[in-house]
Amino acid sequence: MDSEVVHVPAEWRAQHPHGAHLTGMLEYRALYEESIRSPNTFWAKQARELLSFSHGFHTTHIGSLAKGNNAWFLGGELNASFCCVDRHAIADPDRVAIIHEPDDSCDASREITYGDLLGHVSRLAGCLRAQGVQKGDIVTIYMPMIPEAIFAMLACARIGAVHSVVFAGFSADALRDRIQDANSKVVITTDEGRRGGKAIPTKAVVDTAVRDCPCVSTVLTFKHTGGDVSWTAGRDMWCDEELKKYPSYISSEPMHSEDYLFLLYTSGSTGKPKGVLHSTAGYLLGAAMTGKYVFDIHPKDRFFCSGDIGWITGHTYTVYAPLVLGCTTVIFEGTPAYPSFTRYWEVISKHAATHFYTAPTALRLLKSKIKKRDVEEFNMSQLRVLGSVGEPIAPDTWKWFYNSMGDQKMTLTDTYWQTETGSHIVASLAGVTPMKPGCASLPCFGIDLAIIDPVSGEELKGNLVVGVLAIKQPWPSMARTIKGNHDRYMDTYFNVYKGYYFTGDGAYRDQDGYIWIRGRVDDVVNVSGHRISTSEIESSLLEHAETAIIGVPDELTGEAINAVVSLKTPVIPLGIEQELILHIRQSIAPFAAPKKVFIVKDLPKTRSGKIVRRILRKLLTGEKEFGDISTVRCSSPKNEKCQPLILRL
Ligand code: ATP
Ligand code: MG
């Protein structure tokens with residue numbers, strides 16, 4: 001394993017405008033030890049420091065991982081919207097809460113102060129109440145990345161409603177299923193969204209979806225592009241007119257710590273998406289604490305997370321972490337490629353972002369398109385912290401990000417976590433942890449990691465061990481259940497290895513105790529007794545192609561490796577299959593060489609950009625039933641030389 005260490009640049013600390021939250025690794029280690037040795041004392045202190053309870057909690061934690069019945073901060077009352085809005089609006093109403101950068105660089109960006117945010121959120125909260133939304137009801141939000149989407153989330157929280165944000169790229173069918181699952185009375189949307197120069201017909205999708213949702217009595221629509229929409233009288237309301245009827249301040253509803261804050265579906269990479277429910281206090285604390293320590297957020301910072309609010313990254317690090325900590329969140333409606341591949345640089349320099357948090361899938365695209373001279377003109381001097389999330393980041397992509405955007409002066413954190421964990425669980429702390437390219441590094445506070453031998457089920461102690469990654473102690477921001485299916489919750493996370501939370505990912509702990517995420521454990525291929533993680537083979541080809549490695553049953557070797565490859569070149573060179581096989585033989589091992597290589601135009605991916613191997617596996621093994629493919633997007637191959645593999649989707 002590559003163990004190159006990149007130390008935090010000396011000037012990072014020296015030039016820090018506010019002074020970093022942690023002094024260094026000694027402090028991290030001391031605080032981490034305390035968080036594991038005395039979790040209740042640790043978490044209680046953090047909760048009192050970072051959140052505002054209107055009524056203090058009397059019990060920090062009850063429950064266990066074995067029973068999957070954890071509850072935190074019992075007896076406490078608070079409101080997420082109060083914590084994210086009111087307390088900053090009172091202290092500093094003119095501080096900017098949200099900066100919105102539109103899809104088109106020629107359109108004006110918008111700034112919303114905390115004082116204004118309080119008014120927007122209150123009015124929408126009043127309107128929701130008037131539509132009959134009560135505490136505990138689930139409101140569905142289907143919106144592009146605009147400030148109104150954040151108003152909607154916080155307005156729900158303000159009156160104790162649970163928000164269910166559905167990514168505005170989902171089809172009407174997927175939206176319909178989620179609205180029905182949530183039994184929502186109200187759906188909030190826009191006339192349209194705009195992405196990459198194209199209009200996204202959000203209202204039209206909602207119209208189709210709610211045809212089969214008798215539970216929906218109101219569709220609230222924000223005017224955004226001014227595009228034409230069809231209208232159902234008695235059900236549809238324009239927010240812009242409606243909201244004028246409500247006061248610019250309504251008080252926030254005191255919620256119990258354990259009341260649900262939101263419902264959100266996982267990406268669906270490994271099966272039917274799970275609708276996970278997160279609690280108010282525990283979730284918010286996870287967001288606040290990782291925002292503070294992993295990203296070193298300070299109130300004057302401008303945090304730019306490119307994650308869409310339709311995913312957990314957007315929930316925790318576009319909305320809740322920046323706002324609960326009172327800094328500015330920069331939200332971007334567009335794509336990294338429109339109108340040009342320098343768009344992220346433009347957004348960062350224009351808004352003087354201090355942080356930039358994105359996903360390897362975007363970085364890979366940019367790495368193949370951007371030359372150093374293309375981005376030299378941009379002033380990135382305010383940028384302090386870079387972050388990556390969503391899948392393992394290959395060391396060469398890590399280095400490219402660090403060198404080309406970070407100019408080797410910043411700190412880059414690879415953050416490993418899941419929809420279900422609510423906030424980071426393994427990450428280097430910005431400006432503190434010595435970094436290893438491609439490595440998620442060390443556990444976050446309060447996260448007691450275990451690497452388990454998948455065969456014996458025993459924990460593998462010490463360093464230089466490989467196994468499945470699990471967590472030994474409960475932590476506040478863990479999901480509380482899967483909506484309508486607590487058995488699936490227990491079976492997926494708690495019944496696999498009794499007493500542990502099972503992440504589903506494989507990991508290696510190196511000689512320094514650093515954690516390397518090796519991809520999903522069901523993505524391990526066993527060829528003649530040699531176990532190899534699919535991601536390891538995939539990473540070796542990253543330079544040339546985007547690849548999904550699939551294990552298929554083989555009479556001789558137990559499993560055989562098949563590679564499904566989408567090349568980065570427009571023309572498919574003759575003999576490329578053999579070349580790729582040879583490359584893997586040489587760079588990894590002969591047993592890792594694929595038995596078959598399929599060249600395709602595009603790989604099936606979730607809408608959050610992750611390859612859906614389970615579908616390819618089914619195709620390659622001739623299964624007809626694909627299971628839930630609602631979260632899969634895939635373009636069909638135009639190039640005739642491509643195998644018709646993906647077309648069969
Ligand atoms: P589903 O649970 O429905 O199969 P999903 O696991 O892709 O979907 P998410 O919760 O969005 O849904 O993603 C979490 C997963 O993403 C992790 O379990 C891990 O496999 C991967 N992941 C996230 N961040 C990282 C990272 N920094 N390094 C490696 N893998 C990561
Ligand atoms: Mg998952």
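In this short talk I will walk through the overall build of this protein, then its nonpolar cores, and then a few individual residues.

What we have here is a predicted model, in which local features need pLDDT of at least 70 and side-chain atom pairs count only at pLDDT 80 or more, while totals for chains, interfaces and linings use all residues. Residues are numbered from 1 along each chain as its sequence is written, chains are lettered from A and ligands numbered from 1 in the order in which they are written, and side-chain values use heavy atoms, with hydrogens and water left out.

Let me begin with the whole protein. Its secondary structure comes to 19 helices and 34 strands, where helices (H or I, at least four residues) and strands (E, at least two) are DSSP runs numbered from the N terminus. The radius of gyration, taken over C-alpha atoms, is 24 Å, close to the 26 Å that the globule rule (2.2 Å times the number of residues to the power 0.38) gives for 649 residues, so the protein is as compact as a globular protein of that length. Of those 649 residues, 61% are buried, meaning under 20% relative accessible area, with exposed being over 50% and partly exposed in between (1.4 Å probe, protein chains only).

Turning to the interior, the largest nonpolar core, a set of buried Ala, Val, Leu, Ile, Met, Phe, Trp, Tyr and Cys residues joined through side-chain atoms within 4.5 Å, has 157 residues. Helix α6, residues 147-159, gives the most to this core, with ten residues. Among the residues with the most contacts inside the core is F445, which, leaving aside neighbours within four places in sequence, is in contact (heavy atoms within 4.5 Å) with residues including L22, F42, W43 and M289. Apart from this core lies another, of 20 residues, among them V527 and L580.

Now, is K203, a lysine in helix α8, buried or exposed? At 0% relative accessibility, K203 counts as buried, and its contacts beyond four places in sequence include D191, W231 and D236.

Finally, some backbone details: most residues other than glycine have a negative phi, and most peptide bonds are trans. The peptide bond from Y338 to P339, however, is cis, with omega near -10°, and P339 lies in the loop between β18 and α12. D296 has a positive phi, near 55°, and at 2% relative accessibility counts as buried. A352 has a positive phi of about 50°, but A352 is partly exposed, at 27%.
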